[in-house]
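Hi everyone, thanks for making time for this one. I'd like to walk you through a structure, one piece at a time, so please have a look at the screen.

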Amino acid sequence: MQIIRNNSQDPISISNWRWACFLDETIKAFSTFQTRPYQIDNDFLFRESFFGSSSNPKKVILETWGLKMEKIRQARCACLQAGEITSVMNLVISPLNNYDLPFFGADFVTLPNGHLIALDLQPALKDDITHTQHVWNKLKPIHAHWQSKIPSGGDIPSDARQYFSPAFLWSRIPLGEEGDNLITKTIKPAFDEYLNCFFDLLRDAKITSKERSFQLLNGQKKYMRYRAEKDPARGMLRSFFGEVWTESYINNILFDLK
Ligand code: DBV
(Lines give C-alpha, C1' and ligand atoms only; values in the text may rest on other atoms or scores of the structure.)
Protein backbone atom coordinates (compact mmCIF):
# COMPACT_ATOMS: atom_id res chain seq x y z
CA MET A 1 0.00 0.00 0.00
CA GLN A 2 1.50 3.37 -1.09
CA ILE A 3 1.93 5.67 1.93
CA ILE A 4 1.20 9.33 1.19
CA ARG A 5 2.58 11.91 3.60
CA ASN A 6 1.80 15.46 2.52
CA ASN A 7 3.09 17.40 5.48
CA SER A 8 5.53 16.92 8.32
CA GLN A 9 2.82 16.52 10.96
CA ASP A 10 1.10 13.63 9.16
CA PRO A 11 1.32 10.52 11.38
CA ILE A 12 4.28 8.16 10.97
CA SER A 13 3.05 4.89 9.50
CA ILE A 14 6.04 2.55 9.67
CA SER A 15 4.64 -0.76 10.90
CA ASN A 16 6.83 -2.47 13.55
CA TRP A 17 8.83 0.71 14.19
CA ARG A 18 10.29 0.08 17.64
CA TRP A 19 10.35 3.71 18.82
CA ALA A 20 6.74 4.67 17.99
CA CYS A 21 5.67 5.22 21.62
CA PHE A 22 8.52 7.71 22.13
CA LEU A 23 7.40 9.86 19.20
CA ASP A 24 3.77 9.52 20.33
CA GLU A 25 4.79 10.92 23.74
CA THR A 26 6.56 13.82 22.03
CA ILE A 27 3.53 14.59 19.83
CA LYS A 28 1.32 14.49 22.95
CA ALA A 29 3.61 16.97 24.73
CA PHE A 30 3.30 19.40 21.79
CA SER A 31 -0.48 18.93 21.55
CA THR A 32 -1.19 21.66 24.13
CA PHE A 33 0.60 24.24 21.96
CA GLN A 34 -0.31 25.90 18.65
CA THR A 35 2.00 24.19 16.15
CA ARG A 36 2.45 24.32 12.38
CA PRO A 37 4.03 21.90 9.91
CA TYR A 38 7.72 22.40 9.16
CA GLN A 39 8.37 22.81 5.43
CA ILE A 40 9.86 19.47 4.26
CA ASP A 41 9.84 18.28 0.62
CA ASN A 42 7.92 15.06 -0.11
CA ASP A 43 11.22 13.38 -1.07
CA PHE A 44 12.21 13.58 2.59
CA LEU A 45 8.79 13.09 4.23
CA PHE A 46 8.76 9.48 3.02
CA ARG A 47 11.47 7.38 1.40
CA GLU A 48 11.49 3.65 0.66
CA SER A 49 14.22 1.43 -0.74
CA PHE A 50 15.49 -2.14 -0.67
CA PHE A 51 18.77 -3.64 0.51
CA GLY A 52 20.37 -7.05 0.93
CA SER A 53 20.65 -9.81 -1.69
CA SER A 54 18.55 -9.61 -4.87
CA SER A 55 17.22 -13.08 -4.08
CA ASN A 56 16.00 -11.86 -0.70
CA PRO A 57 15.64 -8.07 -0.79
CA LYS A 58 14.67 -6.36 2.50
CA LYS A 59 12.71 -3.10 2.71
CA VAL A 60 13.96 0.07 4.39
CA ILE A 61 11.53 2.92 5.14
CA LEU A 62 12.39 6.39 6.38
CA GLU A 63 9.79 8.96 7.37
CA THR A 64 10.38 12.45 8.73
CA TRP A 65 8.05 14.09 11.25
CA GLY A 66 8.33 17.76 12.11
CA LEU A 67 6.72 20.96 13.35
CA LYS A 68 7.45 24.55 14.42
CA MET A 69 5.79 26.82 16.98
CA GLU A 70 6.37 29.89 19.11
CA LYS A 71 9.80 29.47 20.83
CA ILE A 72 10.66 26.36 18.69
CA ARG A 73 12.44 26.94 15.36
CA GLN A 74 12.21 23.24 14.40
CA ALA A 75 11.22 19.96 16.02
CA ARG A 76 11.97 17.02 13.75
CA CYS A 77 12.30 13.27 13.95
CA ALA A 78 14.01 10.92 11.51
CA CYS A 79 12.18 7.58 11.77
CA LEU A 80 13.83 4.61 10.07
CA GLN A 81 13.13 0.87 9.94
CA ALA A 82 15.39 -1.40 7.87
CA GLY A 83 14.36 -5.02 7.76
CA GLU A 84 13.37 -6.71 11.00
CA ILE A 85 16.08 -5.34 13.33
CA THR A 86 17.58 -1.97 12.38
CA SER A 87 15.36 0.74 13.84
CA VAL A 88 16.32 4.41 14.40
CA MET A 89 14.67 7.40 16.06
CA ASN A 90 16.72 10.60 15.75
CA LEU A 91 14.77 13.42 17.41
CA VAL A 92 16.06 16.97 17.79
CA ILE A 93 14.00 19.89 19.11
CA SER A 94 15.69 23.22 18.30
CA PRO A 95 14.56 26.34 20.19
CA LEU A 96 14.49 29.77 18.56
CA ASN A 97 17.73 31.57 19.39
CA ASN A 98 16.01 34.36 21.32
CA TYR A 99 15.26 32.01 24.20
CA ASP A 100 17.96 30.70 26.56
CA LEU A 101 17.02 27.05 25.98
CA PRO A 102 18.97 23.85 25.20
CA PHE A 103 18.35 21.45 22.33
CA PHE A 104 16.34 18.32 23.14
CA GLY A 105 18.31 15.47 21.54
CA ALA A 106 17.40 11.78 21.41
CA ASP A 107 19.31 9.25 19.32
CA PHE A 108 17.78 5.78 19.80
CA VAL A 109 19.35 3.22 17.52
CA THR A 110 18.79 -0.54 17.25
CA LEU A 111 21.37 -2.41 15.18
CA PRO A 112 22.13 -6.14 14.97
CA ASN A 113 24.81 -5.62 17.66
CA GLY A 114 22.50 -3.94 20.18
CA HIS A 115 20.63 -0.78 21.19
CA LEU A 116 22.33 2.61 21.48
CA ILE A 117 20.61 5.17 23.68
CA ALA A 118 21.68 8.82 23.65
CA LEU A 119 19.35 11.31 25.41
CA ASP A 120 20.14 14.84 26.54
CA LEU A 121 19.16 18.48 26.84
CA GLN A 122 22.15 19.67 24.90
CA PRO A 123 23.69 23.10 25.53
CA ALA A 124 24.21 25.63 22.74
CA LEU A 125 26.67 27.46 25.07
CA LYS A 126 28.21 24.83 27.36
CA ASP A 127 30.55 27.14 29.24
CA ASP A 128 27.90 29.80 29.91
CA ILE A 129 26.33 29.40 33.38
CA THR A 130 23.32 31.60 32.48
CA HIS A 131 22.57 29.10 29.73
CA THR A 132 23.25 25.90 31.67
CA GLN A 133 22.59 26.31 35.42
CA HIS A 134 18.77 26.42 35.34
CA VAL A 135 18.78 23.32 33.11
CA TRP A 136 21.36 21.20 34.93
CA ASN A 137 19.92 21.91 38.38
CA LYS A 138 16.71 20.28 37.20
CA LEU A 139 18.19 17.52 35.03
CA LYS A 140 21.15 16.20 37.06
CA PRO A 141 19.04 14.42 39.72
CA ILE A 142 16.83 12.92 36.99
CA HIS A 143 19.93 11.70 35.17
CA ALA A 144 21.51 10.25 38.32
CA HIS A 145 18.35 8.24 38.99
CA TRP A 146 18.04 6.64 35.56
CA GLN A 147 21.71 6.32 34.51
CA SER A 148 22.28 4.18 37.64
CA LYS A 149 19.83 1.61 36.25
CA ILE A 150 21.41 1.07 32.81
CA PRO A 151 24.84 0.11 31.48
CA SER A 152 27.13 2.96 30.42
CA GLY A 153 27.44 3.74 26.72
CA GLY A 154 31.20 3.83 27.00
CA ASP A 155 33.40 6.47 25.43
CA ILE A 156 31.97 9.11 23.12
CA PRO A 157 34.00 10.87 20.43
CA SER A 158 36.14 13.44 22.31
CA ASP A 159 35.22 16.29 19.97
CA ALA A 160 31.53 15.54 20.60
CA ARG A 161 31.77 16.04 24.40
CA GLN A 162 31.28 19.81 24.22
CA TYR A 163 27.78 19.21 22.84
CA PHE A 164 26.59 17.07 25.74
CA SER A 165 25.53 18.14 29.24
CA PRO A 166 26.66 16.43 32.48
CA ALA A 167 23.18 14.84 32.47
CA PHE A 168 23.75 12.99 29.18
CA LEU A 169 21.87 9.67 29.46
CA TRP A 170 24.07 7.29 27.50
CA SER A 171 23.85 3.54 27.19
CA ARG A 172 24.45 0.50 25.02
CA ILE A 173 21.92 -2.25 25.73
CA PRO A 174 21.90 -5.87 24.46
CA LEU A 175 19.20 -7.10 22.07
CA GLY A 176 16.67 -9.58 23.40
CA GLU A 177 14.17 -9.73 26.23
CA GLU A 178 16.44 -8.13 28.82
CA GLY A 179 17.01 -5.20 26.47
CA ASP A 180 13.31 -4.89 25.67
CA ASN A 181 12.52 -4.74 29.40
CA LEU A 182 15.13 -2.07 30.04
CA ILE A 183 13.71 0.03 27.17
CA THR A 184 10.14 -0.32 28.45
CA LYS A 185 10.81 -0.04 32.20
CA THR A 186 13.74 2.41 32.24
CA ILE A 187 14.39 4.23 28.95
CA LYS A 188 10.75 5.18 28.33
CA PRO A 189 10.08 6.68 31.82
CA ALA A 190 13.49 8.40 31.63
CA PHE A 191 12.56 9.85 28.22
CA ASP A 192 9.24 11.10 29.64
CA GLU A 193 11.04 12.89 32.50
CA TYR A 194 13.61 14.49 30.16
CA LEU A 195 10.74 15.59 27.88
CA ASN A 196 8.73 17.04 30.81
CA CYS A 197 11.82 18.87 32.02
CA PHE A 198 12.32 20.37 28.55
CA PHE A 199 8.69 21.48 28.27
CA ASP A 200 8.79 23.05 31.77
CA LEU A 201 11.82 25.08 30.66
CA LEU A 202 10.03 25.94 27.41
CA ARG A 203 6.94 27.28 29.23
CA ASP A 204 9.08 29.41 31.58
CA ALA A 205 11.45 30.75 28.90
CA LYS A 206 11.40 34.54 28.44
CA ILE A 207 12.56 36.32 25.29
CA THR A 208 16.24 37.39 25.50
CA SER A 209 18.04 40.57 24.47
CA LYS A 210 19.18 40.98 20.86
CA GLU A 211 22.82 40.72 21.97
CA ARG A 212 22.08 37.50 23.83
CA SER A 213 20.17 36.03 20.89
CA PHE A 214 23.27 36.48 18.69
CA GLN A 215 25.41 34.56 21.18
CA LEU A 216 22.82 31.78 21.27
CA LEU A 217 22.58 31.71 17.47
CA ASN A 218 26.35 31.24 17.16
CA GLY A 219 26.25 28.37 19.66
CA GLN A 220 23.33 26.74 17.87
CA LYS A 221 25.02 27.03 14.46
CA LYS A 222 28.23 25.44 15.84
CA TYR A 223 26.19 22.48 17.17
CA MET A 224 24.32 22.06 13.89
CA ARG A 225 27.50 22.26 11.82
CA TYR A 226 29.17 19.62 14.03
CA ARG A 227 26.25 17.26 13.82
CA ALA A 228 25.93 17.66 10.02
CA GLU A 229 29.65 17.04 9.53
CA LYS A 230 29.95 14.11 11.97
CA ASP A 231 26.58 12.40 11.56
CA PRO A 232 27.28 8.75 12.54
CA ALA A 233 24.42 7.61 10.31
CA ARG A 234 25.86 9.07 7.12
CA GLY A 235 27.30 5.75 5.91
CA MET A 236 24.10 3.87 6.66
CA LEU A 237 21.85 6.48 4.99
CA ARG A 238 24.09 6.61 1.90
CA SER A 239 24.00 2.81 1.58
CA PHE A 240 20.18 2.88 1.68
CA PHE A 241 19.32 6.08 -0.23
CA GLY A 242 22.45 7.22 -2.06
CA GLU A 243 24.94 10.05 -1.52
CA VAL A 244 23.05 12.99 -3.09
CA TRP A 245 19.80 12.36 -1.22
CA THR A 246 21.68 11.73 2.05
CA GLU A 247 23.74 14.93 1.91
CA SER A 248 20.65 16.97 1.15
CA TYR A 249 18.71 15.26 3.96
CA ILE A 250 21.45 15.84 6.55
CA ASN A 251 22.25 19.43 5.52
CA ASN A 252 18.87 20.79 4.42
CA ILE A 253 16.44 18.96 6.75
CA LEU A 254 18.06 17.40 9.83
CA PHE A 255 20.69 20.02 10.64
CA ASP A 256 19.45 22.95 8.55
CA LEU A 257 20.68 25.92 10.61
CA LYS A 258 23.88 27.08 8.95
N1 DBV B 1 22.48 9.84 14.44
C2 DBV B 1 22.11 11.06 13.90
C3 DBV B 1 21.09 10.87 12.88
C4 DBV B 1 20.83 9.51 12.82
C5 DBV B 1 21.72 8.87 13.80
C6 DBV B 1 20.46 11.99 12.14
C7 DBV B 1 19.10 9.24 11.08
O8 DBV B 1 22.56 12.16 14.25
C9 DBV B 1 21.82 7.52 14.00
C10 DBV B 1 19.92 8.75 11.96
N11 DBV B 1 23.64 7.44 15.71
C12 DBV B 1 22.95 6.92 14.64
C13 DBV B 1 23.48 5.65 14.29
C14 DBV B 1 24.53 5.42 15.14
C15 DBV B 1 24.64 6.53 16.01
C16 DBV B 1 25.66 6.63 16.99
C17 DBV B 1 22.98 4.77 13.17
C18 DBV B 1 25.37 4.18 15.25
C19 DBV B 1 26.54 4.21 14.41
C20 DBV B 1 27.23 2.85 14.51
O21 DBV B 1 27.48 2.37 15.63
O22 DBV B 1 27.45 2.31 13.44
C23 DBV B 1 24.54 10.65 19.72
N24 DBV B 1 24.83 8.68 18.14
C25 DBV B 1 25.72 7.67 17.93
C26 DBV B 1 26.78 7.79 18.88
C27 DBV B 1 26.51 8.92 19.64
C28 DBV B 1 25.28 9.44 19.17
C29 DBV B 1 27.33 9.52 20.75
C30 DBV B 1 27.92 6.83 19.05
C31 DBV B 1 29.20 7.36 18.57
C32 DBV B 1 29.22 7.39 17.13
O33 DBV B 1 29.00 6.32 16.54
O34 DBV B 1 29.55 8.47 16.65
N35 DBV B 1 23.85 12.87 19.29
C36 DBV B 1 24.53 11.74 18.70
C37 DBV B 1 25.83 12.34 18.38
C38 DBV B 1 25.86 13.68 18.74
C39 DBV B 1 24.63 14.00 19.30
C40 DBV B 1 26.90 11.63 17.70
C41 DBV B 1 26.95 14.61 18.53
C42 DBV B 1 26.98 15.83 19.10
O43 DBV B 1 24.31 15.07 19.69
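Let me begin with a cut-off: a residue counts as buried when its relative accessible area is under 20%, as exposed when that area is over 50%, and as partly exposed in between. And please keep in mind that this is a predicted model.

Now, which strand holds Arg 73? Arg 73 is found in strand β4. Is Arg 73 buried or exposed? Its relative accessibility is 16%, and because buried means under 20%, Arg 73 counts as buried. What does the side chain of Arg 73 meet through a polar contact? The partner is the side chain of Asp 256, at 3.0 Å. If we set aside neighbours within four places in sequence, the residues in contact with Arg 73 include Tyr 38, Lys 68, Met 224 and Leu 257. Ser 94, Pro 95 and Leu 96 are in contact with Arg 73 too.

Let's turn to the strands around it. Strand β4 covers residues 72-82 and pairs with β3 in the antiparallel sense, over 9 bridges. One spot to find on your screens is Glu 63, which stands opposite Cys 79 in β4. Glu 63 is also the bridge partner of Phe 46. That takes us to strand β2, residues 46-51, which runs antiparallel to β3, residues 58-69, with 6 bridges joining the two. Further along, Glu 48 has Ile 61 in β3 as its bridge partner.

Strand β1 is made of residues 35-36, and it pairs with β3 as well, antiparallel and over 2 bridges. There, Thr 35 has Met 69 in β3 as its bridge partner. So how many of the residues of β3 are buried? The count is 9 of 12, which means that β3 is largely enclosed by the rest of the structure. As a general reminder, side chains in a regular strand alternate between the two faces of the sheet.

Next, the turns. Between β2 and β3 there is a hairpin with 6 residues in between, and Gly 52 in that turn has a positive phi of about 90°. The hairpin of β3 and β4 has 2 residues between the strands. Lys 71 sits in that loop, and its phi is near 75°, a positive value although Lys 71 is not a glycine. For context, most residues other than glycine have a negative phi. Lys 71 is buried, at 12% relative accessible area.

Another residue to look at is Asn 16, again not a glycine, with a positive phi of about 55°. Asn 16 lies in the segment before α1, which covers residues 20-30. Unlike Lys 71, which is buried, Asn 16 is partly exposed, with a relative accessible area of 48%.

Last stop, the largest pocket. How much space lies in it? About 800 Å³. The lining has 37 residues, and those closest to the centre are Asp 107, Leu 116, Arg 227, Asp 231 and Pro 232. Our strand β4 is among the elements that give two or more residues to this lining, and others include β5, β6, β7 and the helix α5. By type, the lining residues divide into 26 nonpolar, 3 polar and 8 charged.

That's my tour, and I'm happy to go back to any part of it.

Definitions and conventions
Residues are numbered from 1 along each chain as its sequence is written. This is a predicted model: local features need pLDDT of at least 70, side-chain atom pairs count only at pLDDT 80 or more; totals for chains, interfaces and linings use all residues. Side-chain values use heavy atoms; hydrogens and water are left out. Two strands pair if DSSP finds at least two bridges between them. Helices (H or I, at least four residues) and strands (E, at least two) are DSSP runs, numbered from the N terminus. Buried means under 20% relative accessible area, exposed over 50%, partly exposed in between (1.4 Å probe, protein chains only). A polar contact is a pair of N or O atoms within 3.5 Å; within protein, one must be able to donate a hydrogen and the other to accept it, and residues adjacent in sequence count only if both atoms are side-chain atoms. Contact means heavy atoms within 4.5 Å. On a 1 Å grid over the protein atoms alone, a cavity is a set of points where a 1.4 Å probe fits but cannot get out, and a pocket is an open set with protein on both sides within 12 Å along at least five of seven lines; lining residues have an atom within 4 Å of a point. Grid points are joined across faces, edges and corners, and a volume is the space filled by probe spheres set on the points. Ala, Val, Leu, Ile, Met, Phe, Trp, Tyr, Cys and Pro count as nonpolar, Asp, Glu, Lys and Arg as charged, and the others, Gly among them, as polar.
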